[in-house]
Amino acid sequence: MPLWTVEPLLWISNMITRELLKVVDVNIPAPQYVLLKLDAGKPMKGLIPGMFYELRAPSQAGRLFKPISILEVEDHLLSFLIKVIGAGTEAFAHLKAGDGVEALGPLGNGFPSINGRRVLLVSGGAGYPPLAWLKREADEAEFCLHLHGCATADEVFPCDLLYTVDGSQGHKGLVTDSVESLISDHKIDLVLSCGPVPMLAKLTNICIQVEHYVSMEAYMACGIGVCHGCAIPVDSDYKLVCKDGPVFDATRIRWSEL
Amino acid sequence: MKYIESSLGKLKLDSCVTVASGTFGLDYLKLRDADGKLLLPQESLGAYVSKTITYELKAGNPSPRLYETECGLLNSIGLQNPGLKGFLQTDLPILKDALRIPLIVSFSGSSIDEFCEMITAMEPYQEIAGYEVNVSCPNVEKEGIAFGADPDVIHKLVASLAALTDKELIVKLSPSVTDIAQMALAAQEAGASSIALINTLWGMAIDWRTGKAMLSKKVGGYSGRGVKPVALALVYKVAQVVDIPILAMGGIHTWQDALEFIYAGASAVAVGTANFNDPGAPAKIAKGLQEHCKTNNIHIKDLIANLR
């Protein structure tokens, strides 16, 4: 088990709360995306990029929380960039400042430290938030380059190198296209990624010689390891995205089964 | 909780509210709200029902295992569990240490002999107050519903188990049968001390854009709000024919839902899918029932099967 994995039970007893957080700001930064800023009411210390919250808008009472990765932590403020994929996520777009959002968290393990490392951050589509957060902490790294890929110019967010499938902005092609040469050109020793499964699987094949961690997405119910719904195939077993992850050593995931 | 005390066959319950197998982890008992108060004081529960264990450990089904529909939840977990040995060695001591309320162990086997071997292995443990015999999981091949669709099989199985224990023996039934009352009668005649129902219904979701099933096993178990009317009807039907108490479950989210099941004939209720929506749900339900009964100066026992 990697050193940076924090014992989940400890988390439950010490840090995880379920409470109503106040909406500070709601924005639509791109079509199909909501930027939500919540007031945690106290300074949020010790959070690690890759961690997430289970969030629910008041209109969704009686339905499940949705697992949402943290985009940014500024003292007592938590930001989330949410892709609208169904009723549960769309409800966030209709919130106003002052509304309450039910929040269970913080949850999950988070990415390993980039301190002193030569890092390549690779995000695809809605996988952008944890890598954007890491990029803001790039001072800790010896070298840090953030690549973001998406289908069209509609999903473009700030990054170092942009790829769109239709070529409407940035480089035309997939975010994985130049990873191999970037790794050798910049002597990369750590790749961190989040995005669609085909992208992550392809990246895993490219990063054979380099340490590579991925943040995984899964449909989730409880968020704290009770329901076993978010299991993914890891090693010779299944691991839970909510409690064992969402960040995993990419080589340990059985990609062909996803 | 004075107004909502109840009992199953051999088990006195300080609260008629329990939790459904596999939907409630011990971690829930540690969750706190913003003021630092426990979300769920365990005294609000009459008993704790473990997730179902099987003889051998089960890795569970491939992902995706979960999908939320318009008014319910589809799952295909596949009884992921550490197996009997792993449970007794690792999980049971933790449960014993954490729980101040009766522990009911849910279990399932792939043959009558295996069921018997499991209950024999669990009998010496005083911390186990009773058993829930799961003959109704829709997501596994050899265990679960393979035993729950034939009254003769249920009778043989339950009679074998009843001979091996004096503890509470709950038989959990599936809604996916032609006549659930027959199954319940078979369990009662064979020596079950109470009946639990319903397990999940068969359910499915498909993405119309891609034609892809949302669960890896295509079909899974359906629970949550959408199943409540089905569960109420089946609890009512079973209550008409059996004398042993009924532990009812199926879409209970509020104390009002719970009360409806009591009127239909349940002696106790279990909260399942609602735990995922709100881990504090069982406590709220217990509190709501308690206050309702107090206000109306009635006891929950007086309302059981008191359908008009």
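**Close-up views of a two-chain predicted model**

**View 1. A:T17 at the chain A–chain B contact.** Why does A:T17 count as buried? Because A:T17 has 20 other C-beta atoms within 10 Å, and a residue is called buried if 20 or more other C-beta atoms lie within 10 Å of its own, exposed if 12 or fewer and partly exposed in between, with C-beta atoms placed from the backbone. A quick note on the source: this is a predicted model, in which local features need pLDDT of at least 70 and side-chain atom pairs count only at pLDDT 80 or more, while totals for chains, interfaces and linings use all residues. Residues are numbered from 1 along each chain as its sequence is written, and chains are lettered from A and ligands numbered from 1 in the order in which they are written.

A:T17 sits in strand 1 of chain A; helices (H or I, at least four residues) and strands (E, at least two) are DSSP runs, numbered from the N terminus. Leaving aside neighbours within four places in sequence, A:T17 is in contact with B:R32, B:D33 and B:A34, where contact means that the C-beta atoms, placed from the backbone, lie within 7 Å. For a sense of scale, A:T17 and A:I114 are 97 residues apart in sequence and 28 Å apart in space, C-alpha to C-alpha.

**View 2. The side of chain A that touches chain B.** Pull back from A:T17 and you get the whole interface: 29 residues of chain A are in contact with 29 residues of chain B. On the chain A side, helix 1 (8–14), strand 1 (17–27), strand 13 (231–234) and strand 14 (237–240) each chip in at least two residues. That side breaks down into 18 nonpolar, six polar and five charged residues. Here Ala, Val, Leu, Ile, Met, Phe, Trp, Tyr, Cys and Pro count as nonpolar, Asp, Glu, Lys and Arg as charged, and the others, Gly among them, as polar.

**View 3. Strand 6 of chain A and its partners.** Strand 6 (residues 100–107) of chain A is mostly covered, with six of its eight residues buried. Strand 1 of chain A pairs with strand 6 of chain A in the antiparallel sense over six bridges; two strands pair if DSSP finds at least two bridges between them. Look for A:K22, whose bridge partner in strand 6 of chain A is A:G100. Strand 3 (residues 52–56) of chain A also runs antiparallel to strand 6 of chain A, joined by four bridges, and there A:F52 stands opposite A:L107.

**View 4. Where the two domains of chain A meet.** The domain assignment of chain A gives domain 1 (8–107) and domain 2 (111–215); such bounds come from an automatic or database domain assignment. Taken over C-alpha atoms, the centres of the two domains of chain A are 24 Å apart. Eleven residues of domain 1 of chain A are in contact with eleven residues of domain 2 of chain A. On the domain 1 side, strand 4 (66–74) and strand 5 (77–83) of chain A are the elements giving two or more residues, and strand 4 of chain A supplies the largest share, four residues. By class, that side has seven nonpolar, two polar and two charged residues.

**View 5. Strand 6 of chain B, between two partners.** In a regular strand the side chains alternate between the two faces of the sheet. In strand 6 (residues 72–75) of chain B, B:G72 and B:L74 point one way and B:L73 and B:N75 the other, and all are buried. A hairpin through two residues joins strand 5 of chain B to strand 6 of chain B. Strand 5 (residues 66–69) and strand 6 of chain B run antiparallel and share four bridges, with B:E68 opposite B:L73. Strand 14 (residues 219–223) of chain B also pairs with strand 6 of chain B, antiparallel over three bridges, and here B:L73 stands opposite B:S223.

**View 6. Helix 8 of chain B and what covers it.** How far apart are the end C-alpha atoms of helix 8 (residues 281–295) of chain B? They are 21 Å apart, which agrees with the 21 Å that 15 residues should span at 1.5 Å a residue; the expected span is 1.5 Å times one less than the number of residues. The buried residues of helix 8 of chain B include B:I285, B:L289 and B:C293. Among the elements covering the buried residues are helix 6 (255–264) and strand 16 (268–271) of chain B. After helix 8 of chain B comes B:N297, with a positive phi near 50°.

How values were computed: Contact = placed C-beta atoms within 7 Å.
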